Amino acid sequence: MDNVMVFDHPLIQHKISILRNKATGTNEFRALIEEIAMLMGYEALRDLPLEDVEVETPIETCMTPMIAGRKLAVVPILRAGLGMVNGILALVPSAKVGHIGLYRDEVTHEPHEYYCKLPNPIEERTIIVTDPMLATGGSGVSAVDFIKEHGGKKIKFMAIIAAPEGLKRLHEAHPDVQIYVGHLDRCLNENAYICPGLGDAGDRIFGTK
């Protein structure tokens with residue numbers, strides 16, 4: 001699929017395998033989510049625009065490239081998406097952070113928005129939407145819908161693991177969005193959980209049940 005990148009980097013695969021282990025505790029899980037987001041972000045930000053600026057080195061003055069334009073926007077889908085934000089901020093500390101709050105109907109599994117706050121002017125920024133799990137794709141599609149409704153144009157979506165059903169749904173709904181996936185898992189089960197997955201990412205990041 002165009003605009004879809006599934007990572008095969010050994011470091012990302014190794015760290016995802018530790019995430020999957022139910023014996024991995026909250027502290028280590030949280031740190032791994034950040035590390036994987038940073039490794040994925042390194043590639044996802046490959047096309048950030050550059051402009052030459054004048055810099056004085058200890059030897060001479062030169063023109064050298066720096067990131068151009070409005071600051072990057074990172075928009076986590078609450079609450080699990082928060083776990084990936086610091087990994088991206090480690091790469092681009094000047095990035096702005098927005099938030100989208102969605103909850104999933106336990107019967108229909110469809111998402112409903114309860115909060116949306118985006119940095120202005122959103123239409124001039126490269127936007128990275130983060131959510132560790134791309135399961136049914138409902139939350140991802142809705143989050144991108146909301147961002148586009150607010151004027152966002154250049155949108156990237158980062159998920160650590162995805163089900164084929166969710167990846168297909170997000171890609172078909174928003175073919176212009178670049179999607180980055182750490183690992184493509186087998187399928188969804190009858191409760192819309194990713195298999196083999198890693199359980200509830202939000203619970204494991206924040207130590208809740």
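# Exercises on a predicted model

**Exercise 1. Which residues does T130 touch, not counting residues up to four places away in sequence?**

Solution. T130 touches V74, V75, P76, I77, G81, M84, V85, I88 and M158, leaving aside residues up to four places away in sequence. Contact here means heavy atoms within 4.5 Å. The model is predicted: local features need pLDDT of at least 70 and side-chain atom pairs count only at pLDDT 80 or more, while totals for chains, interfaces and linings use all residues. Residues are numbered from 1 along each chain as its sequence is written, and side-chain values use heavy atoms, with hydrogens and water left out.

Next, place the residue. T130 is in strand β8, residues 126–130. Helices (H or I, at least four residues) and strands (E, at least two) are DSSP runs numbered from the N terminus. T130 is buried, at 0% relative accessibility. Buried means under 20% relative accessible area, exposed over 50%, and partly exposed in between, with a 1.4 Å probe and protein chains only.

**Exercise 2. Which members of the largest nonpolar core touch the most other members, and which elements supply two or more residues?**

Solution. A nonpolar core is a set of buried Ala, Val, Leu, Ile, Met, Phe, Trp, Tyr and Cys residues joined through side-chain atoms within 4.5 Å. The largest such core has 34 residues, and L19, M40, L72, M158 and I160 touch the most other members. Two or more residues come from each of α1 (10–20), α2 (26–44), α3, β10 (154–162) and α6 (201–206). Helix α2 gives the largest share, seven residues.

Then take one of the most connected members. Beyond four places in sequence, M158 touches A37, M40, G41, A44, M84, I88, I128, V129, T130, D131 and Y180. A second, separate core holds 25 residues, among them I100, L134, I155 and I179. In soluble globular proteins, nonpolar side chains tend to be buried together.

**Exercise 3. Is F146 buried or exposed, and what does F146 touch?**

Solution. Start with the place: F146 is in helix α4, residues 138–149. Its relative accessible area is 14%, so F146 is buried. Not counting residues up to four places away in sequence, F146 touches I100, L102, E113 and C116. As for V129, F146 is 17 residues from it in sequence and 11 Å from it in space, C-alpha to C-alpha.

**Exercise 4. Which elements do the salt-bridge partners E35 and K15 belong to, and where do D185 and R20 lie?**

Solution. A salt bridge is a side-chain nitrogen of Lys or Arg within 4 Å of a carboxyl oxygen of Asp or Glu. The structure holds nine salt bridges.

- E35 and K15 meet at 2.7 Å, N to O. The pair links distant parts of the chain, with E35 in helix α2 and K15 in helix α1, 20 residues apart. E35 is partly exposed at 30% relative accessible area, whereas K15 is buried at 17%.
- D185 and R20 form a salt bridge whose closest N and O atoms are 2.7 Å apart. D185 lies in the loop between β11 (178–184) and β12, and R20 in helix α1, so the pair ties together parts 165 residues apart in sequence. D185 is buried at 5%; R20 is partly exposed at 22%.
- R79 and D203 also meet at 2.7 Å, N to O, in a salt bridge. R79 is in the loop between β4 (73–78) and α3 and D203 is in helix α6, 124 residues apart. R79 is partly exposed at 34%, and D203 is buried at 18%.

Finally, D47, K154 and K156 are linked in a network of salt bridges.

**Exercise 5. Which peptide bonds to P121 and P196 are cis, and which phi values do N3 and A192 have?**

Solution. First the prolines. The bond from N120 to P121 is cis, with omega near -10°, and P121 is in the loop between β7 (111–117) and β8. The bond from C195 to P196 is cis as well, with omega near 0°; P196 is in the loop between β13 (194–195) and α6.

Then the phi values. N3, which is not a glycine, has a positive phi of about 70°. N3 is in the segment before β1 (4–6) and is partly exposed at 33% relative accessible area. A192, also a residue other than glycine, has a positive phi near 65°. A192 lies in the loop between β12 (187–188) and β13 and is buried at 7% relative accessibility.
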